[in-house]
Each structure stands twice: as structure tokens, then as C-alpha cells.
Amino acid sequence: MSEIIVSTTSRLEGRPAKEYLGIVTGEVIVGANLFRDLFASVRDIVGGRSGAYEDVLQRAREQAIAEMRTRAATLGANAVVGVDLDYEVIGSNGSMLMVSASGTAILY
């Protein structure tokens, strides 16, 4: 499988879509306990930033995009355009964070 191009733009310059294959998504949910555990051991909070939190968010975002790419590949796509990333706190006590990626799978 070749690499699936992912873009936030609605089209790829110089690569017109031959076929729109549908919406694809990828979701990752991270429990807040993971955040609390990381926060308890964090020593790198400077100016309100936490490298440990940012690392967890980055990994969750990368996993959501990877899942979206996999779903696009199963449809025969070689790109996903119009990608949107969302971050939501879910659960009755805001105990989990969901990172989702969605876009339109295309064949160019």
C-alpha cells in the first residue's frame, strides 16, 4: 500500500480527483486518568505548557489520522482531503478526551 496523502485543503493541486469514495474517520479516546498520572509526574511545566500533555495529544492525533488513512485505503483511496481534527471532552465527569479526524477519501 502506498502512502495515503492527507490534506486539510479541499483538493490536491495538480491532482484532480477521479472519484470521491466517501467520508472516512479515525477516533482515539484517552482516559483522563492517563492525563492525571502524567501530570503527577511532570517536571517540565514551563509557562503553562506541559510537554507530557502535548506528547499524549500528539500521539492521539497521529493515531486518529493513521486510523483514518487505514479506512481510506480499504476503500481504494490514495488521498484524504478536507481533513478536520476535533478534540472533545466526553464522559459524565469529563473523564475522557476524544481526538477525531475526518475527511473525504478520494482516488486521484
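Let me start with a pair of side chains in helix H2: arginine 71 and glutamate 67 are four residues apart in that helix, so about one helical turn separates them. Between these two there is a salt bridge, in which the closest N and O atoms are 3.0 Å apart. Please keep in mind throughout that what we have on the screen is a predicted model.

Arginine 71 also forms a salt bridge with glutamate 27, and here the closest N and O atoms are 3.4 Å apart. Because arginine 71 belongs to helix H2 and glutamate 27 to strand E2, this pair ties together parts that are 44 residues apart in sequence. Taken as a group, Glu27, Glu67 and Arg71 are linked in a network of salt bridges. As for their surroundings, arginine 71 is partly exposed at a relative accessible area of 35%, glutamate 27 is partly exposed at 34%, and glutamate 67 is likewise partly exposed, at 26%.

How many salt bridges are there in the model? The count comes to three, and the one I have not yet described joins the side chains of arginine 69 and glutamate 3, with 3.3 Å from N to O. Since arginine 69 sits in helix H2 while glutamate 3 sits in the segment before strand E1, the pair connects parts of the chain that are 66 residues apart in sequence. Arginine 69 is partly exposed, with a relative accessible area of 26%, whereas glutamate 3 is exposed, with 58%.

Let me now step back to the whole chain. The protein chain has two helices and six strands, and, read from the N terminus, these elements follow the order β-β-α-β-β-α-β-β. Of its 108 residues, 30% are buried. If we take the contacts with a separation of 6 or more, 76% of them are between residues 24 or more positions apart.

Turning to the interior, the largest nonpolar core has 17 residues, and those with the most contacts inside it are Val24, Met68, Ala72 and Val80. Strands E2, E5 and E6, together with helix H2, each supply at least two residues of this core, and H2 gives the most, with six residues. Methionine 68 illustrates the reach of such a residue: leaving out residues up to four places away in sequence, its contacts include Val6, Val24, Val80 and Ala101.

Isoleucine 65 is also placed in helix H2, and it is buried, because its relative accessible area is 18% and the cut-off is under 20%. Beyond residues up to four places away in sequence, isoleucine 65 touches Val6, Leu85 and Ala101. Isoleucine 65 and valine 6 are 59 residues apart in sequence, yet their C-alpha atoms are 8.4 Å apart in space.

Which residues does serine 100, in strand E6, touch away from its own stretch of chain? Apart from neighbours within four places in sequence, serine 100 is in contact with Gly26, Glu27, Asp84, Leu85 and Asp86. The C-alpha atoms of serine 100 and glutamate 27 are separated by 4.3 Å, although the two residues are 73 residues apart along the chain. Serine 100 counts as buried, at 14% relative accessibility.

Finally, asparagine 78 lies in the loop between H2 and E5, and at 17% relative accessibility this loop residue counts as buried. Setting aside neighbours within four places in sequence, asparagine 78 is in contact with Glu3, Ile4 and Ile5, as well as with Ile106, Leu107 and Tyr108.

Notes
Residues are numbered from 1 along each chain as its sequence is written. This is a predicted model: local features need pLDDT of at least 70, side-chain atom pairs count only at pLDDT 80 or more; totals for chains, interfaces and linings use all residues. Side-chain values use heavy atoms; hydrogens and water are left out. Buried means under 20% relative accessible area, exposed over 50%, partly exposed in between (1.4 Å probe, protein chains only). Contact means heavy atoms within 4.5 Å. A nonpolar core is a set of buried Ala, Val, Leu, Ile, Met, Phe, Trp, Tyr and Cys residues joined through side-chain atoms within 4.5 Å. A salt bridge is a side-chain nitrogen of Lys or Arg within 4 Å of a carboxyl oxygen of Asp or Glu.
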